[in-house]
Amino acid sequence: MLNAENIRGQLGTKWAARNLIFKEVTESTNDDAKVLGEEGAPHGTLVVADVQTSGRGSRGRSWETPGGSNIAMSLLIRPTATPDKVSVLTLIMGLSIAQGVEDLFAMNEDIADFPQIKWPNDVVIAGKKICGILTELHMNNDNTINNVVIGVGINANMTSFPEEIEKIAGSIYTQTGFKVDRASVVAACMKRFEENYEKYERTYDLSLLKEEYEERLINRDRTVKILDPAGEYEAVALGIGNDGALKVRVSDGSIVDINAGEVSVRGLYGYV
Ligand SMILES: Nc1ncnc2c1ncn2[C@@H]1O[C@H](COP(=O)(O)OP(=O)(O)OP(=O)(O)O)[C@@H](O)[C@H]1O
Ligand SMILES: O=C(O)CCCC[C@@H]1SC[C@@H]2NC(=O)N[C@@H]21
């Protein structure tokens with residue numbers, strides 16, 4: 001069962017999620033974390049909800065978190081870095097979720113498909129997205145960072161999806177056949193995030209995490225379609241840079257950096 005007591009009981013972290021706020025129902029945990037940030041909540045504060053009624057996705061889209069089966073959570077971080085070093089945190093969270101979910105299944109030989117990452121931060125199991133991440137930066141008036149809210153929606157045990165997302169979305173359960181204890185998922189992912197964040201803090205980039213990220217990069221060595229507002233083109237994904245950009249080889253043979261934001265990346269024959 002997803003509640004504060006069960007999460008706390010399994011939490012092996014020093015600071016991540018140590019200040020834990022659990023809500024049965026909320027509009028958006030990203031908005032809750034933003035308010036807590038304004039009120040001075042500490043680094044590592046985590047808001048978790050069972051039901052989210054106005055969940056926000058990327059590009060102004062909505063995000064479904066029906067009760068009883070999924071996880072909506074937002075982690076408040078207070079990085080002592082400049083704003084240009086913050087965008088990699090969203091990739092670091094994607095990596096942490098993939099690792100945390102895998103940790104739960106590490107001993108289970110029946111599970112063939114372990115979590116991968118579709119750049120920049122969608123966590124994918126057996127070709128379907130089981131997690132989306134929405135990171136929001138909150139600044140002070142003097143252009144320094146006040147806090148960063150990393151919002152994570154994990155489809156844990158959900159079995160039916162709205163028609164519009166049926167082809168793309170799945171849950172840990174639909175993709176592995178195993179029902180997961182949501183409190184364990186939260187604890188495992190927070191543990192991984194804490195370890196990864198401490199590596200990030202040594203360089204403020206991905207140099208110490210790039211290899212682990214690239215091992216899970218589903219786009220690697222594949223031809224992808226780059227959906228640039230200026231036009232679509234195909235390229236071969238090679239890996240990532242320390243700044244989180246996707247490195248691709250374009251048709252003239254040169255290597256180009258793709259930055260997350262305006263640009264989307266798709267497989268040639270579908271989502272991945
Ligand atoms: N629980 C859910 N699981 C998966 N997708 C969901 C869920 N709820 C809503 N969605 C929506 O499904 C769509 C998934 O789209 P998709 O992952 O392809 O795009 P994206 O990652 O937001 O952006 P990009 O175009 O950069 O890939 C989004 O519109 C997302 O908001
Ligand atoms: O579209 C995406 O892929 C990103 C989805 C992010 C959803 C999470 S759920 C918890 C947090 N609160 C929100 O309103 N959105 C994020």
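This passage describes the surroundings of two ligands and of one threonine in a predicted model.

Ligand 1 is considered first. The shell around ligand 1 holds 16 residues. Ser58, Arg59, Ser62, Lys129 and Ser264 come nearest. By class, five residues of this shell are nonpolar, four are polar and seven are charged. Individual atom pairs add detail. A backbone N or O atom of Ser62 sits 2.7 Å from an oxygen atom of ligand 1. The side chain of Lys129 also places an N or O atom 2.7 Å from an oxygen atom of the ligand. Asn155 faces a nitrogen atom of ligand 1 instead, with an N or O atom of its side chain at 2.8 Å. Taken alone, ligand 1 exposes 620 Å², and the protein buries 91% of that area.

Ligand 2 has 19 residues around it. Ser28, Gln52, Arg56, Ser58 and Lys129 come nearest to this ligand. Ser58 and Lys129 are thus named among the nearest residues for ligand 1 and for ligand 2. The shell around ligand 2 comprises six nonpolar, 11 polar and two charged residues. Three side chains illustrate the polar contacts. Ser28 brings a polar side-chain atom to 2.8 Å from an oxygen atom of ligand 2. Gln52 has a polar side-chain atom 2.9 Å from a nitrogen atom of the ligand. For Thr29, an N or O atom of the side chain lies 3.3 Å from a nitrogen atom of ligand 2. On its own, ligand 2 has 420 Å² of accessible area, of which the protein covers 97%. Four elements each give two or more residues to this shell: helix 2 (29–38), strand 3 (70–77), strand 6 (128–139) and strand 7 (145–155). Strand 6 gives the most, with four residues.

The last site is Thr45. This residue lies in the loop between helix 2 and strand 2 (46–52). Is Thr45 buried or exposed? Thr45 counts as buried because its relative accessibility is 1%, and the cut-off for buried is under 20%. Its side chain takes part in two polar contacts described here. One joins the side chains of Thr45 and Asn19 at 2.9 Å. In the other, the side chain of Thr45 reaches the backbone oxygen of Pro42 at 2.6 Å. Leaving aside residues up to four places away in sequence, Thr45 touches Asn19, Ile21, Leu36, Ser74, Leu75 and Leu76. Asn19 therefore appears both as a polar partner of Thr45 and in this list of contacts, which counts heavy atoms within 4.5 Å.

How values were computed:
Residues numbered from 1 in each chain as written. Chains lettered and ligands numbered in written order. Predicted model: local features only at pLDDT ≥ 70, side-chain atom pairs only at ≥ 80, totals over all residues. Heavy atoms only, no water. Near = heavy atom within 4 Å. Polar contact = N/O pair within 3.5 Å; in protein donor to acceptor, adjacent residues only side chain to side chain. Areas by Shrake-Rupley, 256 points an atom, 1.4 Å probe, with all protein chains shown as cover. Nonpolar A, V, L, I, M, F, W, Y, C, P; charged D, E, K, R; others polar. Buried < 20%, exposed > 50% of the residue type's maximum accessible area, 1.4 Å probe, protein only.
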